[in-house]
Amino acid sequence: MNNFDLNINNYSVTELEELLTLGKVYNEDEIMNKKDDICIKIVNDNTLSFEMKSKMEKFFDNVSTILKNIKCNYIMWTAGIFTKYWLI
C-alpha cells in the first residue's frame, strides 16, 4: 500500500467508485460508510507510517467529496419541495 497512487487526478469516476466498492446506484450515506470503513483499515495498518496514513485518509476524504458532488449535483423544485436527485 505504500506505493498507492495518491494523485486523485489519475482516477476516473468509475475507478473512484470501485475504490470505495460502490455499486451503480448509491447514496451519500453509502459513500461515507465505505470511506469510513477504508479509513479504519488504514489507521489500523501497522505497516503504514503516520505520514502515509494521513495522506491516504486525506485522499479518501477527497474521493468521498468528489463522488458526493458528482452524484448529488442536481436540485429540482418539485411540488414546492427541494429534492435531491442522484445520478446513475
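The following paragraphs lead through the fold, the third helix, the charged side chains, the aromatic rings and one loop of this predicted model.

The protein chain contains three helices and two strands. Read from the N terminus, these elements follow the order α-α-α-β-β. Of the 88 residues in the protein chain, 28% count as buried. The accessible surface of the protein chain amounts to about 6,100 Å², and carbon and sulfur atoms contribute 54% of that surface. Among contacts in the protein chain with a separation of 6 or more, 53% involve residues 24 or more positions apart.

Helix α3 is a useful starting point. This helix covers residues 50-71. Its 22 residues reach 32 Å from the first C-alpha to the last, which is close to the 32 Å expected at 1.5 Å a residue. The buried residues of α3 are M52, K53, M56, F59, F60, V63, S64, L67, K68 and K71. Several of these return below, beginning with a lysine.

K53 belongs to helix α3. What is the nearest side chain of opposite charge to K53, and how far away is it? That side chain is D45, at 6.5 Å, and K53 is buried yet has no salt bridge. The reasoning rests on a cut-off: a salt bridge requires a side-chain nitrogen of Lys or Arg within 4 Å of a carboxyl oxygen of Asp or Glu. When residues up to four places away in sequence are set aside, K53 touches I42, V43, D45 and L48. D45 is therefore among the residues that K53 touches, although the two do not form a salt bridge, because the separation of 6.5 Å does not meet the limit of 4 Å.

Elsewhere, charged side chains do pair. The count of salt bridges comes to three. Two of them involve K35. D36 forms a salt bridge with K35, with the closest N and O atoms 3.3 Å apart. K35 also forms a salt bridge with D61, and here the closest N and O atoms are 3.0 Å apart. Because K35 lies in helix α2 (residues 28-44) and D61 in helix α3, the K35 and D61 pair ties together parts that are 26 residues apart in sequence. The three partners are covered to various extents: K35 is buried, with a relative accessible area of 10%, D36 is partly exposed at 34%, and D61 is partly exposed at 31%.

The remaining pair lies within helix α3. E51 forms a salt bridge with K55, the closest N and O atoms being 3.2 Å apart. These two residues are four positions apart in helix α3, so about one helical turn separates them. E51 counts as exposed at 52% relative accessibility, while K55 counts as partly exposed at 43%. Through shared partners, salt bridges join K35, D36 and D61 into one network.

The aromatic side chains come next. A pair of aromatic rings is described by the distance of the centres and the angle of the planes. The structure holds four aromatic pairs. One of them joins F59 and F60, whose ring centres are 5.1 Å apart and whose planes stand at 90°, so this pair is edge-to-face. Both F59 and F60 are buried, and both appear among the buried residues of α3. Ring pairs link F4, Y11, F59 and F60 into a cluster.

The last region is the loop between α1 and α2, where both T21 and L22 are found. T21 has a positive phi of about 50° although it is not a glycine. Most residues other than glycine have a negative phi. Is L22 buried or exposed? L22 counts as buried, at 13% relative accessibility, whereas T21 counts as exposed, at 53%. Helix α1 spans residues 13-19. Leaving aside neighbours within four places in sequence, L22 is in contact with E17, E30, I31, K34 and L67. One of these partners, L67, is also listed among the buried residues of α3. Another of them is K34; the C-alpha atoms of L22 and K34 are separated by 7.8 Å, and the two residues are twelve residues apart along the chain.

Key: Residues are numbered from 1 along each chain as its sequence is written. This is a predicted model: local features need pLDDT of at least 70, side-chain atom pairs count only at pLDDT 80 or more; totals for chains, interfaces and linings use all residues. Side-chain values use heavy atoms; hydrogens and water are left out. Buried means under 20% relative accessible area, exposed over 50%, partly exposed in between (1.4 Å probe, protein chains only). Lys and Arg count as positive and Asp and Glu as negative; His and the chain ends are not counted. Contact means heavy atoms within 4.5 Å. Accessible areas come from the Shrake-Rupley method with a 1.4 Å probe; for residues, only the protein chains shown count as cover. The expected span of a helix is 1.5 Å times one less than its number of residues. Rings of Phe, Tyr and Trp (its six-membered ring) pair if their centres lie within 6.5 Å; planes under 30 degrees apart count as stacked, over 60 as edge-to-face and the rest as tilted.
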